[in-house]
Amino acid sequence: MKITFAILLLTLFVSPLFAQEEDAEGCKDSSTLSRMKSCHIRSCDKKDFDQAQIPTGSADEQVQVVEGEVETIIYECADNVSFLQMARNAENALKRAGFTTVYSGGGMNTYPTYSARKGGVWVNVQTQPNGGQTYTQIVVHTKEMEQQMVASAEAMEADIAKSGYCSIYGVHFDTGKAAILPDSESCLGEMAKLLKSNASWKLQVEGHTDNVGGKEANLKLSQARADSVRGWLVSHGVEGSRLTAKGFGETKPVAENTTEDGRARNRRVDLRKL
């Protein structure tokens with residue numbers, strides 16, 4: 001009886017030492033890559049659309065910026081699980097699943113990291129001593145953002161009343177061309193509505209580009225695009241005498257041209273009140 005009681009006490013005190021910690025509430029493994037044994041989820045986050053930097057080399061600037069559904073999971077493992085073991089397990093599992101290695105090495109923080117890609121899916125596993133033996137797993141399913149915000153005549157009017165101009169991102173062109181794409185109709189319609197509801201206004205349509213290509217070519221392209229927008233507005237009932245068009249090329253950026261997001265912000269049409 002005494003022996004049985006002693007064993008029971010030992011079980012009560014020892015078992016918790018070997019019990020794996022529970023995952024953070026609401027977290028679960030990614031469907032793309034499962035966890036290692038002896039690891040639990042410390043935290044997780046999932047965004048329907050976001051941006052992630054996937055290491056492609058050991059230097060800080062050697063990254064691939066990808067956009068889409070981003071899932072981030074931080075795992076904490078037992079002390080006997082090494083950082084190299086974490087990275088190699090991810091590498092082997094992804095290779096077996098048909099992924100192509102993008103980078104395998106020391107990573108941006110000198111600890112082992114592994115990046116891979118299969119079609120529109122990117123995976124990065126970065127190891128780090130973040131208060132324990134941990135690794136961060138990032139999975140990105142690339143996709144285009146679903147546009148939910150619409151440029152309205154009222155919003156344009158408010159911007160012009162406040163600062164004298166407004167920047168418009170809903171007018172789209174083919175790369176290197178000035179022909180307006182069909183998905184621009186709604187935004188152009190709001191521009192026409194703005195002008196018709198403010199009959200005394202005279203506006204300058206201004207074209208802007210990013211810095212991809214030659215400066216002279218970008219200047220000509222921005223002028224041609226500004227002319228195209230002005231021509232569309234005139235053909236839809238706006239008096240031509242109320243509108244001028246001017247291209248500025250890459251000379252007036254509103255963001256850095258070092259990222260795709262920055263270049264996209266620089267490719268725009270402005271309406272400026274004269």
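## Close-up views of a predicted model

**View 1. Where helices H3 and H4 touch.** Ala153, Glu154, Met156, Glu157 and Ile160 of H3 make contact with Cys187, Glu190, Met191, Lys193 and Leu194 of H4. Sorted by class, this contact holds six nonpolar and four charged residues, and no polar ones. The model shown here and in the other views is a predicted one.

**View 2. How H3 and H4 cross.** Two packed helices are described by the angle between their axes and the distance between the axes. Here the pair is H3, residues 153-163, and H4, residues 185-197; their axes come within 8 Å and cross at roughly 55°. That angle makes H3 oblique to H4. As for its hand, the crossing of H3 and H4 is right-handed.

**View 3. H4 again, this time with H5.** Helix H5 spans residues 215-235, and its axis comes within 10 Å of that of H4, with a crossing of roughly 65°. The crossing of H4 and H5 is right-handed. From H4, the residues Glu185, Leu188, Gly189, Met191, Ala192 and Leu195 take part, and they meet Val229, Trp232 and Leu233 of H5. The residues of this contact divide into seven nonpolar, one polar and one charged. If you have just come from the first view, look for Met191 once more: this H4 residue is listed in the contact with H3 and also in the contact with H5.

**View 4. Ala151, in the loop before H3.** Ala151 sits in the loop between strand E6 (133-142) and H3. Is this residue buried or exposed, or something in between? With a relative accessibility of 34%, Ala151 counts as partly exposed. Leaving aside residues up to four places away in sequence, Ala151 touches Met156, Cys187 and Glu190. Those three names may look familiar, as Met156 of H3 and both Cys187 and Glu190 of H4 also belong to the contact between the two helices. Gly170 is worth finding in this view too: its C-alpha atom is 7.0 Å from that of Ala151, although the two residues are 19 apart along the chain.

**View 5. The disulfide of Cys27 and Cys44.** The sulfur atoms of Cys27 and Cys44 are 2.1 Å apart and form a disulfide. Cys27 is found in the loop between helix H1 (2-18) and strand E1 (39-55), while Cys44 is in strand E1, so the bond ties together parts that are 17 residues apart in sequence. The torsion about the S-S bond is about -85°, which makes this disulfide left-handed. The two partners can be told apart by their accessibility: Cys27 is buried at 13% relative accessibility, whereas Cys44, with a relative accessible area of 33%, is partly exposed.

**View 6. The disulfide of Cys39 and Cys77.** Cys39 and Cys77 are joined by a disulfide with an S to S distance of 2.0 Å. Which parts of the chain does this bond tie together? Cys39 belongs to strand E1 and Cys77 to strand E2 (residues 63-77), so the parts tied together are 38 residues apart in sequence. This link is right-handed, with 105° about the S-S bond. Cys39 is buried, at 0% relative accessibility, and Cys77 is buried as well, at 6%. The count comes to two disulfides, and with bonded cysteines counted along the chain they follow the pattern 1-3, 2-4.

**View 7. Cys166 and Cys187, a pair without a bond.** Why is there no bond between the sulfur of Cys166 and the closest cysteine sulfur? The closest one is in Cys187, and at 8.8 Å it is too far away for a bond. Seen from the other side, Cys187 is in no disulfide, and its nearest cysteine sulfur is that of Cys166. Both residues are hidden from solvent by the accessibility criterion: Cys166 counts as buried at 2%, and Cys187 counts as buried at 7%. Cys187 also links this view to earlier ones, with its contact to H3 as part of H4 and its contact to Ala151.

**View 8. Stepping back to the whole chain.** To place the close-ups, the chain has six helices and 10 strands. Of its 274 residues, 37% count as buried. Among contacts between residues at least 6 apart in sequence, 61% join residues at least 24 apart.

Technical notes: Residues numbered from 1 in each chain as written. Predicted model: local features only at pLDDT ≥ 70, side-chain atom pairs only at ≥ 80, totals over all residues. Heavy atoms only, no water. Axes fitted to C-alpha atoms, helices over the stretch in contact; angles between N-to-C directions. Helix = DSSP H or I, 4+ residues; strand = E, 2+ residues; numbered from the N terminus. Parallel < 35°, antiparallel > 145°, perpendicular 65-115°, else oblique. Left-handed = near helix turned anticlockwise from the far one by under 90°. Contact = heavy atoms within 4.5 Å. Nonpolar A, V, L, I, M, F, W, Y, C, P; charged D, E, K, R; others polar. Disulfide = S-S within 2.5 Å. Buried < 20%, exposed > 50% of the residue type's maximum accessible area, 1.4 Å probe, protein only.
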